Amino acid sequence: MTEADMPRYFFDSGDHQHVVEDNTGLECEGIEAARNAAVEGLTELARDELKGPDGQQLIMDIRDESGRKVLRLSLSLVIEPLEVNAVSPTSNKDEPRRRG
């Protein structure tokens, strides 16, 4: 497939509040190549944008030449506090174990 024969895909990116539309696009051999390009682009976007509060979600929509959305990738940042050295309320570390 020559470069002139390759379909052009467009990669719109952002979050659920603000999406930047790609007006240039990228010629790819097919949807799998477009998906790989989107993964790279979303990873790069995450390095730049996922520095804020918990609950952020980035998206990248892939459109074909007709403008039809063909694939959506999303990446979320979720921060959950975990208790360190948590002990079950029913266990007692100081009580010796009973044997049955």
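This is a short talk on one helix and the salt bridges in the structure above.

Okay, ground rules before we start. This is a predicted model, so local features need pLDDT of at least 70 and side-chain atom pairs count only at pLDDT 80 or more, while totals for chains, interfaces and linings use all residues. Residues are numbered from 1 along each chain as its sequence is written, and side-chain values use heavy atoms, with hydrogens and water left out.

Let's begin with helix H1, residues 31–49. Helices here are DSSP runs of H or I with at least four residues, strands are E runs of at least two, and both are numbered from the N terminus. How far should H1 span? At 1.5 Å a residue, its 19 residues should give 27 Å, and the end C-alpha atoms sit 26 Å apart, which agrees. That expected span is 1.5 Å times one less than the number of residues.

Now, which residues of H1 are buried? Those are Ala34, Ala38, Leu42, Leu45 and Ala46. They cover an arc of only 110 degrees around the axis, so they lie on the same side of H1; the arc is taken from the directions from the helix axis to the C-beta atoms. Flip to the other side and you find Glu40, Glu44 and Arg47 exposed. For cut-offs, buried is under 20% relative accessible area, exposed is over 50%, and partly exposed is in between, with a 1.4 Å probe and protein chains only.

What does the buried side pack against? Strands E1 (8–14), E4 (56–63) and E5 (69–77), where contact means heavy atoms within 4.5 Å.

On to the charges. The structure holds six salt bridges, meaning a side-chain nitrogen of Lys or Arg within 4 Å of a carboxyl oxygen of Asp or Glu.

One of them pairs Glu27 with Arg8 at 3.4 Å, N to O. This pair links distant parts of the chain, with Glu27 in strand E3 (residues 26–27) and Arg8 in strand E1, 19 residues apart. Glu27 is partly exposed at 27% relative accessible area, and Arg8 is partly exposed at 27% too.

Back in H1, Arg35 and Glu32 meet at 3.0 Å, N to O. They are three residues apart in the helix, so about one helical turn separates them. Arg35 is partly exposed at 31%, and Glu32 is partly exposed at 47%.

Last one: Lys69 and Asp61 form a salt bridge at 3.4 Å, N to O. Here Lys69 is exposed at 53%, whereas Asp61 is buried at 4%. Both belong to a salt-bridge network with Arg72.
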